[in-house]
Amino acid sequence: MTTSDEELAKDLGLLAALTIGVGTMIGAGIFVLPGEAAAAAGPAVALSFVIGGGISLFTALSASELGTAMPKAGGSYYYVNHALGPLFGSIAGWGNWIGLAFASAFYTLGFGEYLSTFLPLPALAVGPLSLTPFQVGALLAGTAFITVNYVGAKETGNVQIVIVTILVAILTVFSALGILQADLTTLRPFFPPETGGATAVLPATGLVFVSFLGFAKITTVAEELRNPGRNLPLAVVGSVVIVTLMYALIMVVLMGVVNWRQLAPEFTTTPVLDVANIAFGTVGLATVGVGLLTFAGLLATASSANASILAASRINFAMGRDKLVSDTLNAVHPSFATPYRSIVLTGALILLFVVLGDIKTLAKAGSVLHLIVYGLLNIALIVMREADVESYQPEFEVPLYPVVPVLGALTSFGLIAFMEPVEIGLSLVFVAGGVVWYAVYARTQTEKRGILNQHIISQSPVDAAVSVANSVQPNGGSYRVMVPVADPEHEKDLITLASAIAKQHGGIVDAIHIVTVPDQTALAGAAAYADELDETSEQLLEAAREDAETFGVPVETHTIISHRSFEEIFDAARSHQASLVVMEWGEELHGSPGRVESALDDLAMDLPCDFLVLKDRGFDPEHILVPTAGGPDSDLSAAVASDLRAEYGSQLTLLHVADSLADGEAFLESWAHDHDLGDAEFRVETGDVETAIEAAAEECSMVIVGATEEGLLSRLVRGALVVDIVDDVECSVLLAERARTRGLVERLFG
């Protein structure tokens, strides 16, 4: 049996997805808009943020249901296009894309404001245009963000987690110190007459709604999310709740420390820094506090801008896949593996908006476009429910249906009425452009018909696109030996080892090759360019197939498209239900010395199955040395040695280092008996373990050693025995580590 397929990795977990939303949303309302927001509604703007969060929550719930049923790149655009058809899909696609460009320009201008607070930037005159220093800073920053995305530098889930953790920590300290200095009398009257009283709350909500656009970005990467049925709703809804609470609290702190009238743009462009100067000044750390908040402002606006550019490329990909725009827009760069044309076009729009727009207009124009898309998204949910499509099987369902999506649509469309005519008009131009684009171009190109259209004309049920990946999942129940192959030089030895073990267990060899692409490239889009991105993949897997077949064992081969390399091995082992992973030793494998996992993995996860890591100096199982001191990893060493002896007739030497020879002999006799290795040669040594293993290895062709039981802290401080053995012996070394659950104390101290 020989099978081969291509599959997409699931790179993002719950925490990474949650921080995509929080990291994008946490910047605007706190670092860029407080002055404009305070001037719009006074203290009542805290209520505006709560209302904005409530409106977002309705749509977040609807997006979560749609996302668990259709975890596809493109997010809200895809749901609208699939449910309502390509006309509305064109409106949603163009609206989402241009809205993201507006939002990214808005974030970039915010970055320029913070940059200009400590870096002297000149004002420039370009023809009839006069650029302020912060516009100059924004253009520099925007160019940098576009370049980073063009060349494919990654903002991985772990980096995003670090960014959000730092931001939340700084804002928590800022809020705590600010509360101590707050005078809540400055919040009265809550509805100031000069702003229009309570009638100013909803217009202010329209202004600050740009702060809540980040939750939808999570759905654009739903196709790459692990366990989307659980993680997508938790991340989408959780990010909205967290950010709404933070915004409301921090706005109260800001206006409690400094009278809201003094936060207006005519008095300051960076009100957060003014409040930080007062809040941290009470403990004598005003300069430090202002520096921290400046750093946080730069970090938040940069993260938001970069995330918007990345999300825009996902929208372009999804539209190209549905033929609503030319798929040439998604062409992948031959060197950087990024959708460079899409990034350049999006980047050009962002820089144009930076030059032409102001922060308030950009914020509200971006909000209007997203509100239109959100309204359509809620309608899409109603259509999918009412059409009763057989393949629509969401793992999460909106509570109180149809109340939630109806309120989501009404509040999204209704909030638009409180925007300024210029912002509504600007957004409607792009909506009209989407309609014209569909009529002139997309209508003749796309073959897509929405569920609504099919339901109205009562045609037969259709198959909705609800596939999570384009791969065939492996059959469960068999003993599967998974082999990640990457280096042609060592492929044969890895496959030979894996095949020998699989043969002894009546199992299957599963050879995988991981093709990595930058975060900017949607995985589903990269699949079309897999051969161009990694020309060795097919050759490696074909060689692996041929080598495994010489043993007469079934073999499967898989090309996995992923944004990660080493980490993907663990996910693939889980999804393929591997019993054993055989992989090559490399420097990246022992971030915490002596373990397969990195230091972070060691603290945060357990191995999904047994692992063998081969330091390959030539595969020769003629004479195998098995050092043992007992324990589960030595159990795996014994099992592998037994398999190799059965296949090759290997000579086995068991080594134990003890305080006395008599104790050592007794231990080996008992251990060998328990593992059916009683006929092996025994070797007992006293003294240094490493020296004894190295001396015994001189007479052997392979060493199989279990991962040591030293804890993480011990290994980081003192190094690790197994690393020294791998480096010092001349023959091949096979590191064996058995899958098991380890508590935190054991992870730290052994």
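Q: Helices are DSSP runs of H or I with at least four residues, numbered from the N terminus. In which helix is the place of Ser76?
A: The model is predicted. The protein chain contains 29 helices and 13 strands. The helix that spans residues 76-84 includes Ser76, and this helix is α4.

Q: Is Ser76 buried or exposed?
A: Ser76 touches Asn96, Thr219, Val373 and Leu377, leaving out residues up to four places away in sequence. A residue is buried if its relative accessible area is under 20%. Because the relative accessible area of Ser76 is 2%, Ser76 is buried.

Q: With the side chain of which residue does the side chain of Ser76 make a polar contact?
A: Asn96, Thr219, Val373 and Leu377 are touched by Ser76, not counting residues up to four places away in sequence. A polar contact requires a pair of N or O atoms within 3.5 Å. At 2.8 Å, the side chain of Ser76 has such a partner in the side chain of Asn96.

Q: The backbone oxygen of which residue lies 2.9 Å from a polar atom of the side chain of Ser56?
A: Ser56 belongs to helix α3 (residues 45-69) and is buried, with a relative accessible area of 0%. Beyond its neighbours within four places in sequence, Ser56 is in contact with Phe209, Phe212, Phe215 and Val240. The backbone oxygen at 2.9 Å from a polar atom of the Ser56 side chain is that of Gly52.

Q: At what angle do helix α11 and helix α12 pack?
A: Two packed helices are described by the angle between their axes and the distance between those axes. For α11 (residues 271-281) and α12 (residues 286-321), the axes are 7 Å apart. The crossing of α11 and α12 is right-handed. The angle at which α11 and α12 pack is about 145 degrees.

Q: How many nonpolar residues does the contact of α11 with α12 have?
A: Val272, Leu273, Ala276, Asn277, Phe280 and Gly281 in α11 meet Ala286, Gly289, Val290, Leu293 and Thr294 in α12. By class, this contact has no charged residues and 4 polar ones, and its nonpolar residues number 7.

Q: Which helix gives the most to the largest nonpolar core?
A: Buried residues make up 60% of the 750 residues in the protein chain. The largest nonpolar core has 151 residues, and those with the most contacts inside it are Phe31, Val45, Phe106, Phe174 and Leu293. The helix that gives the most to this core, with 17 residues, is α14.

Methods: Residues numbered from 1 in each chain as written. Predicted model: local features only at pLDDT ≥ 70, side-chain atom pairs only at ≥ 80, totals over all residues. Heavy atoms only, no water. Axes fitted to C-alpha atoms, helices over the stretch in contact; angles between N-to-C directions. Helix = DSSP H or I, 4+ residues; strand = E, 2+ residues; numbered from the N terminus. Left-handed = near helix turned anticlockwise from the far one by under 90°. Contact = heavy atoms within 4.5 Å. Nonpolar A, V, L, I, M, F, W, Y, C, P; charged D, E, K, R; others polar. Core = buried A, V, L, I, M, F, W, Y, C linked by side-chain atoms within 4.5 Å. Buried < 20%, exposed > 50% of the residue type's maximum accessible area, 1.4 Å probe, protein only. Polar contact = N/O pair within 3.5 Å; in protein donor to acceptor, adjacent residues only side chain to side chain.
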